[in-house]
Amino acid sequence: MKNRLRILRAERNWSQADLAERLEVSRQSVNAIETGKFDPSLPLAFKLARLFNSPIETIFTDEE
Amino acid sequence: MQCYPATKAGRRYVYRLAPTMAIYLVFLFIAQWSFHHLHPTGLIVYVLAVLPALPLIGSLAIVGLYISEESDEFERSILVQSMLWGFGGTLAVSTIWGFLEDFAKAPHLSTFYVYVFFWIFMGIAQPFIRMRYQ
């Protein structure tokens with residue numbers, strides 16, 4: 001699933017490790033989600049949405 | 001590739017597994033030494049024979065605990081996928097070896113090796129599964 005995590009992260013000047021720490025997941029998890037190779041669960045997507053203060057659908061898109 | 005577990009649950013998994021495997025080695029030594037030197041009979045034979053299997057069964061419970069405790073869904077997914085490869089590889093090798101024993105007079109392999117094969121296949125699969133997500 002495509003997403004804007006890299007952009008949102010860059011806007012805040014966060015590294016993948018910074019985001020991982022805030023989400024309480026591994027850096028590999030952040031990388032896998034960011035590259036669109038691993039789709040997060042709904043709870044984790046909501047956590048991301050809260051963290052970036054954005055609706056889920058503006059972070060993730062189901063378009064190929 | 002990262003060798004040290006990235007999550008708290010992963011570290012707990014290693015801290016639980018390491019002493020369990022050490023206990024296995026101690027129990028294995030006790031069983032082997034007892035059979036070699038004490039020549040036990042009766043019920044004690046069964047108790048001693050099963051003794052080394054107990055920590056190994058414990059290790060499977062530790063894997064189960066990890067899956068239930070791991071809050072990082074990606075890491076959990078990696079382990080579960082590795083386990084599926086472990087189960088699949090073990091079943092494949094056991095099936096092939098079974099037919100080789102039946103038809104091709106291959107030497108008998110103790111069913112204990114099912115446990116070993118599971119970990120080998122799981123261990124081999126894990127880095128390849130991780131690579132798919134990089």
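A charge is taken to sit over a ring if NZ of Lys or CZ of Arg is within 6 Å of the ring centre and within 35 degrees of the ring normal. In the predicted model shown above, the charged end of Arg12(A) sits over the ring of Trp14(A) in this sense, 6.0 Å from the ring centre. Arg22(A) also lies over the face of Trp14(A), at 4.0 Å from the ring centre. Trp14(A) is therefore a good place to begin, and its own burial is clear: its relative accessible area is 16%, which is under 20%, so Trp14(A) counts as buried.

Trp14(A) has an aromatic partner as well. Over all chains, the structure holds 10 aromatic pairs. In one of them, Trp14(A) is paired with Phe52(A), with 5.6 Å from centre to centre and 35 degrees between the planes, a tilted arrangement. The two residues are 38 residues apart, and their pair links distant parts of chain A: Trp14(A) belongs to the loop between α1 (5-11) and α2 (16-23), whereas Phe52(A) belongs to helix α4 (residues 42-52). Phe52(A) is buried, at a relative accessible area of 2%.

A further aromatic pair is found in chain B. The ring centres of Phe87(B) and Phe118(B) are 5.0 Å apart and their planes meet at 25 degrees, so this pair is stacked. Here too, distant parts of the chain are linked, since Phe87(B) is in helix α4 (residues 73-104) of chain B and Phe118(B) is in helix α5 (residues 113-132) of chain B, 31 residues apart. The two partners have unlike surroundings: Phe87(B) is partly exposed at 42% relative accessibility, whereas Phe118(B) is buried at 7%. Both rings belong to one aromatic cluster, which is formed by Phe87(B), Tyr115(B), Phe118(B) and Trp119(B).

Charged side chains add their own contacts, with 7 salt bridges found over all chains. In chain A, Glu34(A) is bridged to Arg9(A), and the closest N and O atoms are 2.6 Å apart. Glu34(A) is part of helix α3 (residues 27-34) of chain A and Arg9(A) is part of helix α1 of chain A, so the bridge ties together parts that are 25 residues apart in sequence. Both ends of this bridge are buried, with relative accessibility of 7% for Glu34(A) and 10% for Arg9(A).

In chain B, Glu69(B) takes part in two of the bridges described here. With Arg12(B), the closest N and O atoms are 3.1 Å apart. Arg12(B) lies in helix α1 of chain B and Glu69(B) in helix α3 (residues 53-69) of chain B, so parts that are 57 residues apart in sequence are tied together. With Arg16(B), the N to O distance is 3.0 Å. Arg16(B) is likewise in helix α1 of chain B, so its bridge to Glu69(B) in helix α3 ties together parts that are 53 residues apart in sequence. The three side chains are partly exposed: Arg12(B) has a relative accessible area of 36%, Glu69(B) has 27% and Arg16(B) has 27%. Back in chain A, bridges with shared partners join Arg6(A), Arg9(A) and Glu34(A) into one network.

The surface of chain B carries a nonpolar patch made of Val26(B), Phe29(B), Ile30(B), Trp33(B) and Leu38(B), with about 500 Å² of accessible area together. One of its members, Phe29(B), is placed in helix α1 (residues 8-37) of chain B. At 55% relative accessibility, over the 50% cut-off, Phe29(B) counts as exposed.

Backbone geometry brings two residues of chain A to attention. Glu24(A) is not a glycine, yet its phi is positive, at about 60 degrees. Glu24(A) is located in the loop between α2 and α3 of chain A and is exposed, at 59% relative accessibility. Asn53(A), also not a glycine, has a positive phi of about 55 degrees. Asn53(A) occurs in the loop between α4 and α5 (56-59) of chain A, and its relative accessible area of 72% makes it exposed.

Finally, some confidence values help in reading these results. Chain B has a mean pLDDT of 92, and 96% of its residues reach 70 or more. For the complex, the predictor gives an ipTM of 0.88 and a pTM of 0.84.

Technical notes: Residues numbered from 1 in each chain as written. Chains lettered and ligands numbered in written order. Predicted model: local features only at pLDDT ≥ 70, side-chain atom pairs only at ≥ 80, totals over all residues. Heavy atoms only, no water. Phe/Tyr/Trp six-rings, centres within 6.5 Å; stacked < 30°, edge-to-face > 60°. Helix = DSSP H or I, 4+ residues; strand = E, 2+ residues; numbered from the N terminus. Buried < 20%, exposed > 50% of the residue type's maximum accessible area, 1.4 Å probe, protein only. Patch = residues over 30% accessible without salt bridge, like charges linked within 9 Å, V, L, I, M, F, W, Y side chains within 5 Å. Areas by Shrake-Rupley, 256 points an atom, 1.4 Å probe, with all protein chains shown as cover. Salt bridge = Lys/Arg side-chain N within 4 Å of Asp/Glu carboxyl O. pLDDT = per-residue confidence, 0-100.
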